[in-house]
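Welcome! Let us take a friendly walk through one protein and the ligand it holds. Have a look at the picture first, and then read on.

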Amino acid sequence: MRLLVIGTQGQLALSLLERCPEHQVEIIAVGRPDIDLARDADLSAVVAAARPDAVVNAAAYTAVDQAESEPELAMAINGRGAGLVAAAAAAAGAPVVHISTDYVFDGTATRPYREDDPVAPLGIYGASKLAGEHAVAEATANHAILRTAWVYSPFGKNFVRTMLRLAETRDEVAVVADQRGCPNSALDLADGVIAVARNLVERPAEAHLRGIFNLTADGEASWAEFATEIFAISSALGGPTARVRPILTSDYPTPAHRPAYSRLDGLKLTQRHGIRVPEWRNSLVTAIGHLSIKAV
Ligand SMILES: NC(=O)c1ccc[n+]([C@@H]2O[C@H](COP(=O)([O-])OP(=O)(O)OC[C@H]3O[C@@H](n4cnc5c(N)ncnc54)[C@H](OP(=O)(O)O)[C@@H]3O)[C@@H](O)[C@H]2O)c1
């Protein structure tokens with residue numbers, strides 16, 4: 001199988017580049033400046049030239065707070081841009097795997113969110129990703145939209161790397177304790193994306209493999225519990241560590257509102273695609289181990 005990935009430097013794109021060889025998958029990654037989803041671009045020539053079996057859109061505007069002051073840009077990349085990628089994939093006869101977010105929900109649920117629960121984004125980022133889901137579905141039926149959450153990896157900017165960096169210089173870090181969700185390793189997401197893409201390619205007539213799916217690890221945590229676990233693992237590996245001081249969301253105001261509860265239910269993906277992501281703590285050990293090896 002040959003995957004064309006849109007995006008080259010992001011957490012998911014780099015994780016796909018790392019994982020594809022292990023899955024015997026050929027990967028071509030294209031990103032800025034060759035493809036800029038903020039521009040009114042026709043992507044069909046780039047996509048057709050790659051002759052992909054499937055296209056993965058790993059590019060997005062992901063600055064949740066900044067999106068509140070750049071709504072047009074967020075909408076252009078995450079909404080219209082997502083539709084352009086899906087349309088180009090369809091024109092090349094390939095399925096598209098698109099990534100979306102738990103931030104399409106408002107966080108008022110009392111059990112893990114299922115794919116068909118009502119959406120009500122609290123901020124511009126969530127609204128732009130929801131617009132992307134609609135644009136992808138309008139462009140082609142041959143799609144899988146994978147909603148995930150709280151993504152970290154050995155690469156780029158993310159919560160795990162931020163916590164470990166802060167622990168280099170501080171004894172204590174204040175972390176929000178009243179938002180609950182589930183941390184996801186981008187390396188696990190890459191494995192899931194590859195498996196979904198393979199199913200779409202190998203089983204073109206099966207409608208139940210298409211549509212929206214939650215791609216998420218087992219379990220749940222608050223950001224404070226996530227940080228506590230990061231420091232416990234780092235300490236056991238001889239890395240930096242700090243105490244976690246739990247605080248309330250109201251103590252740490254941000255431009256964008258975030259859902260208080262956004263755990264996703266992964267059952268549909270398990271039942272239809274045969275994919276089950278490990279418990280989040282197990283993957284965190286692997287990712288922090290990966291970071292320590294990179295730092296040596
Ligand atoms: N990070 C999370 O916590 C999280 C949570 C839920 C869902 N997701 C979703 O998961 C997917 C992958 O996220 P990630 O964490 O890998 O994101 P990331 O690390 O922020 O990477 C985003 C990628 O998008 C590219 N990009 C941004 N603007 C672009 C544009 N105008 N044209 C083309 N490419 C552009 C960036 O390219 P450059 O390298 O050129 O900057 C970068 O490669 C996204 O769809 C995101 O919405 C993420």
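## The ligand and its sheet

In this predicted model, a polar backbone atom of leucine 12 lies 2.8 Å from an oxygen atom of the ligand. Leucine 12 has company, and the table lists the polar contacts of this kind with the ligand.

| Ligand atom | Protein partner | Distance |
|---|---|---|
| oxygen | polar backbone atom of glycine 10 | 2.9 Å |
| oxygen | polar backbone atom of leucine 12 | 2.8 Å |
| nitrogen | polar backbone atom of leucine 37 | 2.8 Å |

How much of the ligand does the protein bury? On its own, the ligand exposes 900 Å², and 84% of that is buried by the protein. Helix H1 (11-19), strand E4 (96-101) and helix H4 (124-139) are the elements that each give two or more residues to the surrounding shell. E4 provides the largest share, with three residues.

The shell is made up of 23 residues, and the closest are Arg32, Asp36, Thr62, Tyr125 and Lys129. Sorted by class, 13 residues of the shell are nonpolar, seven are polar and three are charged.

Now turn to the sheet. In general, the strands of a sheet pair through backbone hydrogen bonds, in either a parallel or an antiparallel way. Which of these two pairings is found here, parallel or antiparallel? The pairing is parallel: six strands form an open sheet, in the order E2-E1-E3-E4-E5-E10. Strand E2 (26-30) and strand E10 (211-214) are at the edges with a single partner strand each, so one side of each has no neighbour in the sheet. From one strand to the next, the twist averages 25°.

You can zoom in on one pair of strands. Strand E1 (residues 2-6) and strand E3 (residues 54-57) run parallel and are joined by four bridges. Here leucine 4 stands opposite valine 55 in E3. Helix H1, which we met at the ligand, packs on the sheet and touches E1, E2, E3 and E4. The direction of H1 makes about 155° with that of E2. Helix H4 lies across E4, strand E5 (143-148) and E10, and runs at about 155° to E4.

Finally, two spots in the backbone deserve a look. Arginine 32, listed among the closest residues to the ligand, is joined to proline 33 by a cis peptide bond, with omega about 5°. Proline 33 sits in the loop between E2 and helix H2 (44-50). What is the phi of arginine 51? The phi is positive, about 45°, although arginine 51 is not a glycine. You will find arginine 51 in the loop between H2 and E3.

Technical notes. Residues are numbered from 1 along each chain as its sequence is written. This is a predicted model: local features need pLDDT of at least 70, side-chain atom pairs count only at pLDDT 80 or more; totals for chains, interfaces and linings use all residues. Side-chain values use heavy atoms; hydrogens and water are left out. A residue is near a molecule or strand if one of its heavy atoms lies within 4 Å of it. A polar contact is a pair of N or O atoms within 3.5 Å; within protein, one must be able to donate a hydrogen and the other to accept it, and residues adjacent in sequence count only if both atoms are side-chain atoms. Accessible areas come from the Shrake-Rupley method with a 1.4 Å probe; for residues, only the protein chains shown count as cover. Ala, Val, Leu, Ile, Met, Phe, Trp, Tyr, Cys and Pro count as nonpolar, Asp, Glu, Lys and Arg as charged, and the others, Gly among them, as polar. Two strands pair if DSSP finds at least two bridges between them. Axes are lines fitted to C-alpha atoms, for helices over the stretch in contact, and angles run from 0 to 180 degrees between N-to-C directions. Contact means heavy atoms within 4.5 Å.
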